[in-house]
Structures are given as C-alpha cells and as structure tokens.
Amino acid sequence: MNINMDLKIAVLAGDGIGPEIMEQALAVTRAVCAKKGHKLLLKEGIVGACAIDATGDPYPEETHRLCMESDAVLFGAIGDPKYDNDPNAKVRPEQGLLRMRKQLGLYGNIRPVMTFPSLIHKSPLRADLVEGADFMCIRELTGGLYFGRPQGRSEDGNTAFDTCLYTREEVERILHLAYKFAGQRRKKLTVVDKANVIATSRLWRQIAQEIAPQYPDIETDYLFVDNAAMRIIQWPKSFDVLVTENLFGDILTDEASVITGSLGLLPSASIGVHTSLFEPIHGSYPQATGKNIANPLAMILSAALMFEYGFGLMEEGAMIREAVNASLEKGIVTEDIADGGKAYSTREVGNWIREFIER
Ligand code: IPM
Ligand code: MG
C-alpha cells in the first residue's frame, strides 16, 4: 500500500538538548517523506523553560492550540537546572509537560523496551539475561499522584501531602489499551500495582480482574511493584506487556532502560483523547546542551513511532528502524554508547541515518 498523505506535525523541541536532537529527527522525517511521497507540514511551538522565559507560561495557549490542530506532536525534552535547584520556583517547566499531557488527554504512555544486538554488551546486566528482551511498558499518564489534589504544604511548611487518585473510568481505559497491545504481541499482560497496601492499587486490581475475562486469549498476571522492579532486572524476557499507574511507570521505565543500555535509545508514544505525542524518555540533559554530543536515537526512534502509531505508516517506521540498526552496527554512535571506540557527534549520527534512508 502506498498512499500519499499530508502529515501535519507540531514540533515542540523544548529545552536542553531538545533542539539538537529534534533537528536530526526532522531531517530523518523529511527524508522518509520525500522517499514515500508524503507532504510534511511542520509547525513549531514553545514549551518548557524556554516558554517560561518567553511568555511566563510553560505551556502557552498558542502551543496547545497548535497541538490540537495537528495530526501528531513531536516533542523533545523540557527542564532546566535553574528550576531544579529552586524548590520555591512558582512556575516550573515540568508543569508545562504535565499540563500538555492533561489537556491533550494523553492517558496512555507506551514505552517499548528492546535490545539491539550490537549493544548487548552496553547493558550492565548479563548478556544472556537481556539478549532478546522485548517488552512494552504502558504507563498511565494523566492520573495518580502527579495530578491528584489536594497537594501542598501545611501552613507552617513542615508537612507536605500529595493525593493519589484514580477513577474507574481512568483505570478501565488504560487497561483496555494495554489489552489491545498485548493482543497484537505475545498475548501476555502483567498488571503492576501495590494492592497489598494502597487503595488505588486495589481498585486497579479489582477492575483488571473484572476485565480480564473479556480477553480470554490473553494471559493476565499480577505483580506488586517492588517485585516487578526486581523481575524486570532479573528476568526481563518474562515480560510482554506491562501496565501500571503513573508514578510506578515513571520509575520502572527508567529502570528498564538499563536493559537497552542507554536512556538515549528509548522512544515513547503518548496516546489518548486528542492528538498523539511522540517523545524520547530521557530528559533535557543540560550538561550536554549545545555540545553536539547528545544521542539523537531516542528522538529519531520517536519519529518512527509517530509514523507507525500516529499515522499507521508501518513501512516508513521500518525504514527508520533499519537505518538506526545499520548505524549501530557500523558503530556510527555518540559517546554514551561508543564504548572506547570513535564517538560521533549528534549531527554526524543524524546525517548518517538520513543518508542511509536517502540511498
Ligand atoms: C518522564 C519524565 C517526567 C515524568 C518529568 C520530566 C516530569 O521523568 O517523562 O518520565 O516524571 O513524567
Ligand atoms: Mg521519568
């Protein structure tokens, strides 16, 4: 099938290394579109610390409108040390990310965890444990402790509180999404919670037990989050699709990245009510900003996910994956994975991948 499409994409490069890695992902995206005859309509918007500097708001209304009017959002990273080190800052870049997730209704964050044959040795885990690991974390993204209110401090400032809140509707929709993905894969779903202690987790588990019979061809199992954290490291190959609430998912997916070998390799897709968003799971990496050393692969692979999940263009996604794999095999890699060999710059890696696609 070869349908020529108009792809209207909101480009939010954000802070830190965001702009540098975005430049490479866009070059690759343009090359794929040129080859496949798609028309690319790119529009840039601001978000994060750079948006606070420009407008006082980390997710300005104009950026939200741009996202709503687009078919997909490509997002780089947000965050700036000047806010991390100031716990009293009233406005924070992360609020922009959270508001963007909430306002776009991006309740499902899909974080695939895979290994690359040429990078197996990069994982601190034993090769025989990680080789062939291939699972998908589905993280609920618009509920739980991140959004529950009340949240704050007591008057004397010495007590702080957060609220973990989930409704039946929120749990049901993320579980159905997870079952959908499990159905397309190896048909195993692991529900991760802390139902032995917390009430929201008991609601999750109860609803999962109610829903499971609707998917008789999928094996459902349940793990407490502490146990899941251990098993991800010890038996990564035992997972297919894992679904969990917001904060557990945040923590487990950083942990899972060590299976791949570098945080700089993992893309993600956030899907939900409105426009889907595609972003690397790493942050803004301020230490590397402007140095042309950051690994662009997670961002480039996020563009691959955009073609696949955002537009249903599987061949286009595969073209990018093939080029990325080739660059890894050839050792055209940034310093985080160069492993004593020659380290290439962000731009050199991006150019190599783009040229591979243009060939
Ligand atoms: C992530 C990040 C964010 C999160 C931060 C930057 C707010 O760690 O996307 O995993 O906690 O969700
Ligand atoms: Mg995180």
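Here is a short chat about the pockets, the ligand and two backbone oddities in this predicted model.

Student: What volume does the largest pocket have?
Tutor: Start with how such a space is found: rolling a probe the size of a water molecule over the atoms shows where empty space is left. For the largest pocket, 18 residues make up the lining. Its volume comes out at about 660 Å³.

Student: Which residues lie nearest the centre of the largest pocket?
Tutor: By class, the lining splits into 7 nonpolar, 4 polar and 7 charged residues. Residues come from both domain 1 (1-115 + 265-359) and domain 2 (124-260), at least three from each. Nearest the centre you'll find Arg92, Gln95, Leu98, Arg149 and Gln151.

Student: Which element gives the largest share of that largest pocket's lining?
Tutor: Three elements each put in at least two residues: α5 (93-103), β6 (152-153) and β7 (160-161). The largest share is 6 residues, and the element behind it is α5.

Student: How about the second largest pocket, and what is its volume?
Tutor: Here the lining has 23 residues, with Ile78, Glu94, Leu97, His282 and Gly283 nearest the centre. Sorted by class, they are 9 nonpolar, 5 polar and 9 charged. The volume is about 480 Å³.

Student: Which element supplies the largest share of the second largest pocket's lining?
Tutor: The candidates with at least two residues each are β3 (72-77), α5, α10 (246-260) and β12 (276-280). Domain 1 (1-115 + 265-359) and domain 2 (124-260) each bring at least three residues to this lining as well. With 4 residues, the largest share comes from α5.

Student: Which residues are around ligand 1?
Tutor: Take a cut-off of within 4 Å between heavy atoms. Two names from the centre of the second largest pocket, Glu94 and Leu97, turn up around ligand 1 too. The full set is Glu94, Leu97, Arg101, Arg111, Arg139, Tyr146 and Asp250.

Student: How much of ligand 1's accessible area does the protein cover?
Tutor: Look at the polar contacts to its oxygen atoms, where the cut-off is within 3.5 Å. Arginine 139 places a polar side-chain atom 2.8 Å from one oxygen, tyrosine 146 does so at 2.6 Å, and aspartate 250 at 2.9 Å. On its own, ligand 1 has 320 Å² of accessible area, and the share covered by the protein is 76%.

Student: Is the peptide bond from arginine 149 to proline 150 cis or trans?
Tutor: Proline 150 sits in the loop between β5 (134-140) and β6, and arginine 149 is one of the residues nearest the centre of the largest pocket. Omega for the bond joining them is near 10°, so to speak the giveaway for cis.

Student: What is the phi of lysine 187?
Tutor: Find lysine 187 in the loop between α7 (168-184) and β8 (188-193). This residue isn't a glycine, yet its phi is positive, at about 65°.

Conventions. Residues are numbered from 1 along each chain as its sequence is written. Chains are lettered from A and ligands numbered from 1 in the order in which they are written. This is a predicted model: local features need pLDDT of at least 70, side-chain atom pairs count only at pLDDT 80 or more; totals for chains, interfaces and linings use all residues. Side-chain values use heavy atoms; hydrogens and water are left out. On a 1 Å grid over the protein atoms alone, a cavity is a set of points where a 1.4 Å probe fits but cannot get out, and a pocket is an open set with protein on both sides within 12 Å along at least five of seven lines; lining residues have an atom within 4 Å of a point. Grid points are joined across faces, edges and corners, and a volume is the space filled by probe spheres set on the points. Ala, Val, Leu, Ile, Met, Phe, Trp, Tyr, Cys and Pro count as nonpolar, Asp, Glu, Lys and Arg as charged, and the others, Gly among them, as polar. Domain bounds come from an automatic or database domain assignment. A polar contact is a pair of N or O atoms within 3.5 Å; within protein, one must be able to donate a hydrogen and the other to accept it, and residues adjacent in sequence count only if both atoms are side-chain atoms. Accessible areas come from the Shrake-Rupley method with a 1.4 Å probe; for residues, only the protein chains shown count as cover.
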